[in-house]
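Let's take a friendly tour of one residue and the pocket beside it. Have the structure open as you read.

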Amino acid sequence: MRCQVRPGDRRGTVAFVGMVPELGNGGYWVGIVFDEPVGKTDGTSKSGKKYFDTPGLGYGGFVLGKNVEVGDFPVRDIMDELETDNEDDEDEL
């Protein structure tokens, strides 16, 4: 399921929900596969246990559920964002 993670409005897909004893806060964690390499892991905990798969290092992250919003969050097209930024710049001229 698609989601958005705060802070930073990072988007991705929920890949894991459960206990990760290696993480200090305890409780349940949500494993996210991010659309872009904005994470800190590849789905592997610091102890080396693999919890979920990602396309590569930096595409995964473990976050607390309170920071995850599930919904219709399509993959962002960076070219659309660049075009929007350029249009805003033209308005300022």
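What follows looks at a threonine, its contacts and the pocket it helps to line, in a predicted model.

## Where Thr41 sits

Thr41 belongs to the loop that links β3 (28-34) and β4 (60-63). Is this residue buried or exposed? Its relative accessibility is 9%, so Thr41 counts as buried, the cut-off for that label being under 20%.

## Contacts around Thr41

Let's begin with the polar contacts. A polar atom of the Thr41 side chain lies 2.7 Å from the backbone oxygen of Thr44. The side chain of Thr41 also reaches the backbone nitrogen of Gly43, at 3.2 Å.

Now look further along the chain. Leaving aside residues up to four places away in sequence, Thr41 touches Gly56, Leu57, Gly58, Tyr59, Gly60, Gly61 and Phe62. Gly61, one of these, is 20 residues from Thr41 along the chain, yet the C-alpha atoms of the two are separated by 5.6 Å.

## The largest pocket

Which residues lie nearest the centre of the largest pocket? They are Leu23, Lys40, Thr41, Gly61 and Phe62, out of 17 residues that line it. Two of them, Gly61 and Phe62, are also among the residues that Thr41 touches. The space in this pocket comes to about 350 Å³.

Both β3 and β4 supply at least two residues of the lining. The most comes from β4, which gives four residues. By character, the lining of the largest pocket has nine polar, five nonpolar and three charged residues.

Conventions:
Residues numbered from 1 in each chain as written. Predicted model: local features only at pLDDT ≥ 70, side-chain atom pairs only at ≥ 80, totals over all residues. Heavy atoms only, no water. Buried < 20%, exposed > 50% of the residue type's maximum accessible area, 1.4 Å probe, protein only. Polar contact = N/O pair within 3.5 Å; in protein donor to acceptor, adjacent residues only side chain to side chain. Contact = heavy atoms within 4.5 Å. 1 Å grid on protein atoms, 1.4 Å probe; cavity = no way out; pocket = protein on both sides within 12 Å on 5 of 7 lines; lining within 4 Å. Points joined across faces, edges and corners; volume = space filled by probe spheres on them. Nonpolar A, V, L, I, M, F, W, Y, C, P; charged D, E, K, R; others polar.
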